[in-house]
Amino acid sequence: MTAPHPDRTAGHNDPTTGRTTSGTTSTDRAARIGQGGEVHQPPDTDGPRLTTAQGIPISDNQNSLRGGHRGPTLLEDFILREKIFHFDHERIPERVVHARGYGAHGFFECYESLSDITRAAPFQTAGQRTPTFTRFSTVVGNKGSADLARDVRGFATKFYTTEGNWDLVGNNIPVFFIQDPIKFPDLVHAAKEAPDRAFPQAATAHDNFWDFISLMPESLHMVMWTMSDRALPRGFRFMEGFGVHTFRLINADGASTYVKFHWRPKLGVQSMLWDEALRINGADPDFHRRDLWDALRRADDPPEWELGLQLFDDDFADAFAFDILDSTKLIPEEEVPLRIVGRLVLDRMPDSHFNETEQVAFCTQNVVPGIDFTNDPLLQGRNFSYLDTQVKRLGGPNFAQLPINAPRCPVHNFFQGGHMQHRGTAGRANYEPNSWSPGGPRADPEGGVRAFAETVSGPKRRLRPESFADHYSQARQFYRSQLPVEQDHIADALVFELSKVEVDAIRLRVLAHLPNIDPMLAARVADGLGVEDLPDTAIPMVDPVDLPPSDALSILKRQVQTFRGRRLGILVTDGIEDAVLETLITATLAAGAVPAVIAPRIGGVVTAAGVQQKAMFVTEAAPSALFDAVAILASAESVADLTALHAARLFVSDAMAHGKMIALTGSAQVLFACCGIEGRDAGMFVLESAADVPGFLAACAEGRFWPRIA
Ligand code: HDE
């Protein structure tokens with residue numbers, strides 16, 4: 001990539017002042033751009049020459065070709081036409097789901113050789129690194145929607161292995177809504193905006209979605225997850241990832257081991273509150289992408305996940321209470337613990353969002369020798385869909401030749417032609433077998449990818465196996481594995497979503513399912529909606545059973561105690577003590593977190609010692625929801641600057657309502673009093689001197705101060 005030449009970007013007419021900005025090589029020329037007469041710009045001496053797509057040098061990038069001084073623009077102006085033509089075609093169809101995404105390059109490092117269970121290239125040697133590209137996404141919203149929609153997140157990783165590309169296309173939730181791919185278009189239609197009114201976008205809080213759910217009880221397990229805080233991640237760096245389906249690992253002898261893939265974030269799983277999400281979607285709709293961008297610019301803090309495998313055999317599969325081919329079910333970690341086998345590190349943003357993140361084409365069918373499919377019907381359906389959708393999106397069959405999709409190992413075949421082909425077969429041999437010399441590539445019976453020789457038998461029918469019939473037991477297990485505050489959030493989310501449903505019958509049909517999950521949950525949601533009498537409970541195909549709670553399903557039971565990678569918002573006024581501010585900033589950085597100074601004016605404040613402290617945010621642009629913890633450093637003489645500001649009062653009352661750890665100077669208590677907050681709870685820390693900072697930051701590592709809001 002070539003950086004734009006400063007002269008070329010800077011030399012333009014300011015439309016408001018009518019004056020031309022400086023920085024051009026010729027003041028005379030700059031003054032004349034956009035004014036009368038011809039402007040012949042000499043080629044820049046220290047930058048490349050501007051050309052058309054055909055490489056023809058351009059003499060004037062400011063004026064189109066006219067007949068006469070004030071005459072018509074000429075059709076002959078191929079430079080104008082080519083530029084506009086190319087602009088007109090800048091967009092490609094957005095993904096039909098997972099349209100809004102953000103990606104980064106990185107690598108996978110294997111901790112130990114797994115050659116006894118798989119011959120897959122990334123798992124052969126301890127310490128071996130495989131380059132990767134990972135794309136995170138929301139599912140329902142369009143490309144321009146906000147990051148903190150209540151939604152599932154995609155977590156897709158392309159491994160550029162020495163034996164071809166392996167795509168692990170997963171989500172941050174380990175189960176899926178449906179059991180059969182034939183229902184996928186119905187699910188997505190129901191979840192996206194209604195076709196007549198084209199709203200709501202990026203939200204499932206509407207009649208169509210809940211109508212579908214109420215008629216498809218198999219979806220209720222995943223609905224418990226999407227109503228939980230898992231659907232409101234703090235950032236991509238704080239999400240788990242799951243391959244969802246059961247796959248196979250195949251070793252060099254052809255032996256198969258079943259596997260489920262799990263990504264574990266090093267920083268722990270962390271989520272936002274719904275009320276925070278509402279604030280953030282307004283204040284910073286790019287909250288998640290900005291978080292990843294910022295993290296990658298801090299060289300010392302690369303986002304990292306560990307890869308865990310759940311490995312099991314046919315005996316376990318036969319004995320397990322559910323069908324391992326049913327994607328609406330998970331295998332609790334208590335039954336099959338994770339074996340941690342490697343780590344994924346993201347270390348580089350794409351040079352171009354479009355070229356890489358938009359054009360990356362994940363296909364679940366991309367498996368390498370040593371990894372194989374199972375008969376999970378959903379996975380089989382996906383194997384068709386992903387290839388098909390890439391042709392539509394990327395315009396032809398040669399998308400694997402785009403740099404982001406191209407394997408980083410030799411590619412040889414007899415494919416030819418098609419849109420945008422630029423890898424030709426050399427010579428005459430474009431078929432096989434042939435008797436030419438050289439005759440081109442040949443199949444490798446030993447080293448080539450081979451399907452596991454599973455025995456397949458039985459009548460050809462359209463049916464749903466009976467082993468898929470229990471739709472409620474794991475939904476109940478999920479709900480009952482949560483801490484009370486997490487259960488509250490699930491109930492609140494159901495009340496919110498169902499309150500947006502306009503048709504009573506749909507709402508009641510959803511309510512009819514809830515007693516099968518948990519009668520108390522049903523009663524709470526009915527109460528929250530003001531429904532006096534619960535409808536008759538839906539009759540399950542198979543009666544739900546009580547499964548043991550699984551701690552791994554709760555975010556808070558597994559919380560990682562660290563402030564690393566988090567953000568501290570520091571609201572300041574003039575006249576604050578330098579030692580407190582400096583220590584707070586230094587200690588926050590030392591904890592691996594990021595301090596952000598917020599002030600009533602972006603120019604910042606003047607400290608007690610007369611130092612100008614610049615601000616990163618102006619108060620109105622920085623609701624406390626954007627930060628993991630906050631500090632309010634106000635001086636006695638200037639605290640009135642904050643009490644007068646609605647945004648500052650909201651900053652404080654939101655921080656309290658969202659259970660933030662809060663530090664404050666004695667003088668800042670005036671601001672709290674303005675918000676009706678008297679006294680202090682154990683999540684509030686007075687910062688009178690630098691010595692008070694460590695205690696506060698230690699508390700920040702605990703996350704929220706739940707007792708205040710639970
Ligand atoms: Fe997808 N899904 N999906 N999906 N999916 C797509 O492919 C599909 C499913 C997932 O960042 C599409 O390139 C079907 C489960 C992710 O580019 C499409 C079925 C899981 C991404 C498609 C499923 C996923 C997609 C749309 C049911 C978790 C984004 C654009 C049989 C394991 C990848 C595209 C990226 C994208 C089809 C179910 C995850 C239409 C038919 C289950 C992370 O092909």
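These legends go with three close-up views of a predicted model.

Local features shown here need pLDDT of at least 70, side-chain atom pairs count only at pLDDT 80 or more, and totals for chains, interfaces and linings use all residues. Residues are numbered from 1 along each chain as its sequence is written, and side-chain values use heavy atoms, with hydrogens and water left out.

**View 1. Meet the iron atom of the ligand and its protein donor, Tyr386.**
The OH of Tyr386 is at 1.8 Å from the iron and is its only protein donor (donors are N, O and S atoms within 2.8 Å of the metal, or 3.2 Å for Na, K and Ca; water is not among the atoms, so sites may look incomplete). Tyr386 belongs to helix α11, residues 377–394 (helices, H or I, have at least four residues and strands, E, at least two; both are DSSP runs numbered from the N terminus).

**View 2. Here is the second largest pocket, with Tyr386 among the residues nearest its centre.**
On a 1 Å grid over the protein atoms alone, a pocket is an open set of points where a 1.4 Å probe fits, with protein on both sides within 12 Å along at least five of seven lines; lining residues have an atom within 4 Å of a point. This pocket is lined by 44 residues, and α11 gives the most, eight.

**View 3. Now look at the largest pocket, which lies between two domains.**
Domain 1 (42–92 + 396–451) and domain 2 (101–395) both give residues to its lining, so the pocket lies between them; the domain bounds come from an automatic or database assignment. Among its 49 lining residues, Pro410, Val411, His412, Asn413 and Phe415 lie nearest the centre.
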